[in-house]
Amino acid sequence: AVVSTQSTGYCKEEVLNEDNMWYCPHCKAFKQASKKLDLWRLPKVLVIHLKRFSYSRQWRDKIETLVKFPLRDLSLNRHLQSEPEEDIRYELRGVVNHYGGLGGGHYTATCLSAGDENVREFDDETLATGKSV
(Lines give C-alpha, C1' and ligand atoms only; values in the text may rest on other atoms or scores of the structure.)
Protein backbone atom coordinates (compact mmCIF):
# COMPACT_ATOMS: atom_id res chain seq x y z
CA ALA A 1 0.00 0.00 0.00
CA VAL A 2 1.20 3.50 -0.76
CA VAL A 3 0.15 6.57 1.22
CA SER A 4 0.50 9.48 -1.17
CA THR A 5 -1.36 12.20 -2.96
CA GLN A 6 -2.03 9.79 -5.84
CA SER A 7 -3.62 6.97 -3.88
CA THR A 8 -5.61 6.89 -0.69
CA GLY A 9 -8.63 4.75 0.04
CA TYR A 10 -9.56 6.75 3.09
CA CYS A 11 -12.26 8.77 1.38
CA LYS A 12 -13.72 6.00 -0.77
CA GLU A 13 -17.14 4.59 -0.04
CA GLU A 14 -16.92 1.26 1.76
CA VAL A 15 -19.68 -1.36 1.62
CA LEU A 16 -20.16 -3.05 4.97
CA ASN A 17 -20.58 -6.75 4.22
CA GLU A 18 -22.27 -9.45 6.28
CA ASP A 19 -19.18 -9.77 8.51
CA ASN A 20 -19.30 -6.04 9.33
CA MET A 21 -22.94 -4.96 9.27
CA TRP A 22 -24.33 -1.71 10.68
CA TYR A 23 -26.74 -1.84 13.61
CA CYS A 24 -29.83 0.28 12.96
CA PRO A 25 -31.01 1.89 16.21
CA HIS A 26 -34.55 2.40 14.84
CA CYS A 27 -35.42 -1.13 13.72
CA LYS A 28 -32.91 -2.71 16.14
CA ALA A 29 -31.44 -5.02 13.52
CA PHE A 30 -28.15 -5.42 11.68
CA LYS A 31 -28.32 -4.09 8.11
CA GLN A 32 -25.98 -4.17 5.15
CA ALA A 33 -24.96 -0.57 4.50
CA SER A 34 -22.16 1.60 3.19
CA LYS A 35 -20.09 4.32 4.83
CA LYS A 36 -18.03 7.19 3.48
CA LEU A 37 -15.73 9.65 5.19
CA ASP A 38 -15.04 13.11 3.81
CA LEU A 39 -12.29 15.58 4.67
CA TRP A 40 -13.39 19.18 5.18
CA ARG A 41 -10.35 20.60 7.01
CA LEU A 42 -6.81 19.39 7.57
CA PRO A 43 -5.13 19.37 10.99
CA LYS A 44 -1.72 20.91 11.65
CA VAL A 45 -0.55 17.52 12.97
CA LEU A 46 -1.79 14.40 11.20
CA VAL A 47 -1.76 11.00 12.88
CA ILE A 48 -2.55 8.03 10.65
CA HIS A 49 -3.52 4.75 12.26
CA LEU A 50 -3.47 1.86 9.81
CA LYS A 51 -5.62 -1.21 10.20
CA ARG A 52 -3.06 -3.94 10.89
CA PHE A 53 -5.38 -6.87 11.65
CA SER A 54 -8.30 -8.28 9.69
CA TYR A 55 -11.25 -9.91 11.36
CA SER A 56 -14.08 -12.05 10.06
CA ARG A 57 -16.55 -14.35 11.75
CA GLN A 58 -14.30 -17.38 11.18
CA TRP A 59 -10.74 -16.10 11.61
CA ARG A 60 -8.40 -13.25 12.41
CA ASP A 61 -5.19 -12.39 10.60
CA LYS A 62 -2.35 -9.90 10.73
CA ILE A 63 -2.13 -7.74 7.61
CA GLU A 64 1.42 -8.05 6.26
CA THR A 65 1.18 -5.44 3.47
CA LEU A 66 4.24 -3.20 3.21
CA VAL A 67 3.27 0.46 3.58
CA LYS A 68 5.23 3.15 1.74
CA PHE A 69 4.92 6.71 3.01
CA PRO A 70 6.66 9.84 1.70
CA LEU A 71 9.14 11.38 4.12
CA ARG A 72 8.17 14.93 3.13
CA ASP A 73 5.51 16.93 1.28
CA LEU A 74 2.46 14.69 1.72
CA SER A 75 -0.48 16.81 0.54
CA LEU A 76 -4.10 15.80 1.08
CA ASN A 77 -5.57 18.99 -0.40
CA ARG A 78 -7.11 17.23 -3.40
CA HIS A 79 -9.21 15.08 -1.05
CA LEU A 80 -10.84 18.06 0.67
CA GLN A 81 -14.54 18.74 0.10
CA SER A 82 -13.89 22.49 0.45
CA GLU A 83 -11.23 24.94 -0.68
CA PRO A 84 -8.17 24.66 1.58
CA GLU A 85 -7.44 27.68 3.73
CA GLU A 86 -3.72 27.05 3.32
CA ASP A 87 -1.44 24.54 1.59
CA ILE A 88 -0.63 22.11 4.40
CA ARG A 89 2.17 19.64 3.73
CA TYR A 90 3.05 16.82 6.10
CA GLU A 91 6.37 15.17 6.85
CA LEU A 92 6.84 11.79 8.47
CA ARG A 93 8.06 12.18 12.06
CA GLY A 94 7.60 8.69 13.50
CA VAL A 95 6.51 5.10 12.91
CA VAL A 96 5.39 2.42 15.36
CA ASN A 97 6.12 -1.15 14.27
CA HIS A 98 4.53 -4.39 15.48
CA TYR A 99 6.54 -7.60 15.32
CA GLY A 100 4.76 -10.90 15.97
CA GLY A 101 1.26 -12.16 15.48
CA LEU A 102 -2.21 -12.05 16.99
CA GLY A 103 -1.27 -14.06 20.07
CA GLY A 104 1.52 -11.74 21.09
CA GLY A 105 4.20 -9.51 19.76
CA HIS A 106 6.50 -6.63 20.33
CA TYR A 107 6.25 -2.93 19.48
CA THR A 108 9.11 -0.60 18.58
CA ALA A 109 9.12 3.01 17.42
CA THR A 110 11.34 5.02 15.10
CA CYS A 111 11.07 8.80 15.47
CA LEU A 112 12.75 11.87 14.06
CA SER A 113 13.84 14.13 16.90
CA ALA A 114 12.51 17.67 16.62
CA GLY A 115 15.52 19.19 18.35
CA ASP A 116 18.43 17.82 16.37
CA GLU A 117 16.80 15.94 13.43
CA ASN A 118 18.41 12.66 14.55
CA VAL A 119 16.60 9.36 14.10
CA ARG A 120 15.84 7.65 17.40
CA GLU A 121 14.95 3.97 17.82
CA PHE A 122 12.81 3.09 20.84
CA ASP A 123 12.65 -0.54 21.96
CA ASP A 124 11.34 -1.10 25.50
CA GLU A 125 14.04 0.38 27.72
CA THR A 126 16.57 0.84 24.90
CA LEU A 127 17.08 4.09 22.99
CA ALA A 128 19.45 4.24 20.04
CA THR A 129 20.34 7.45 18.23
CA GLY A 130 21.14 7.39 14.54
CA LYS A 131 22.34 9.92 12.01
CA SER A 132 20.47 12.95 10.78
CA VAL A 133 18.30 12.54 7.71
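1. Confidence first, since this is a predicted model. The mean pLDDT of the protein is 81, with 87% of the residues at 70 or more. Strand 3, residues 29-31, has the highest confidence, at a mean of 92, while strand 10, residues 126-132, has the lowest, at 65. Please keep that value for strand 10 in mind when you look at the C-terminal strand in the viewer.

2. On to secondary structure. The protein has 10 strands and zero helices, so a reading from the N terminus gives β-β-β-β-β-β-β-β-β-β, as the strand definition is applied here. Of the contacts with a separation of 6 or more, 33% are between residues 24 or more positions apart.

3. One strand pair is worth a visit. Strand 8 (residues 104-112) and strand 9 (residues 118-123) run antiparallel and are joined by four bridges. Among the paired residues, Ala109 has Phe122 of strand 9 as its bridge partner. Five residues lie between the two strands of this hairpin, and Glu117 adopts a positive phi near 60° there.

4. Now the core. The largest nonpolar core has eight residues: Cys11, Leu39, Leu42, Leu74, Leu76, Leu80, Ile88 and Tyr90. Leu42 is a good place to start looking: beyond its neighbours within four places in sequence, Leu42 touches Leu76, Leu80, Ile88 and Tyr90, and also Asn77. For the protein as a whole, 20% of the 133 residues count as buried. The exposed surface comes to about 10,600 Å², and 53% of that is supplied by carbon and sulfur atoms.

5. A word on the cysteines. How many disulfides does the model contain? The count is zero. Cys24 and Cys27 deserve a look all the same: Cys24 holds the cysteine sulfur closest to that of Cys27, but the two sulfurs are 3.5 Å apart, too far for a bond, because a disulfide needs them within 2.5 Å. Cys27 itself is partly exposed, at 41% relative accessibility. Cys111 is partly exposed as well, with a relative accessible area of 29%. Cys11, by contrast, belongs to the largest nonpolar core.

6. Two loop residues may catch your eye in a backbone check. Lys28 is not a glycine, yet has a positive phi of about 55°. Its place is the loop between strand 2 (22-24) and strand 3, and Lys28 is exposed, at a relative accessible area of 59%. Asp73, also not a glycine, has a positive phi of about 65°. Asp73 sits in the loop between strand 6 (60-62) and strand 7 (94-101). Is Asp73 buried or exposed? At 53% relative accessibility, Asp73 is exposed.

7. Last, a pair of positions to find in the viewer. Asn17 is in the loop between strand 1 (14-16) and strand 2, and is partly exposed, with 38% relative accessibility. Between Asn17 and Ser34 the sequence separation is 17 residues, and their C-alpha atoms are 8.6 Å apart in space.

Note on methods. Residues numbered from 1 in each chain as written. Predicted model: local features only at pLDDT ≥ 70, side-chain atom pairs only at ≥ 80, totals over all residues. Heavy atoms only, no water. pLDDT = per-residue confidence, 0-100. Pairing = 2+ DSSP bridges. Buried < 20%, exposed > 50% of the residue type's maximum accessible area, 1.4 Å probe, protein only. Core = buried A, V, L, I, M, F, W, Y, C linked by side-chain atoms within 4.5 Å. Contact = heavy atoms within 4.5 Å. Areas by Shrake-Rupley, 256 points an atom, 1.4 Å probe, with all protein chains shown as cover.
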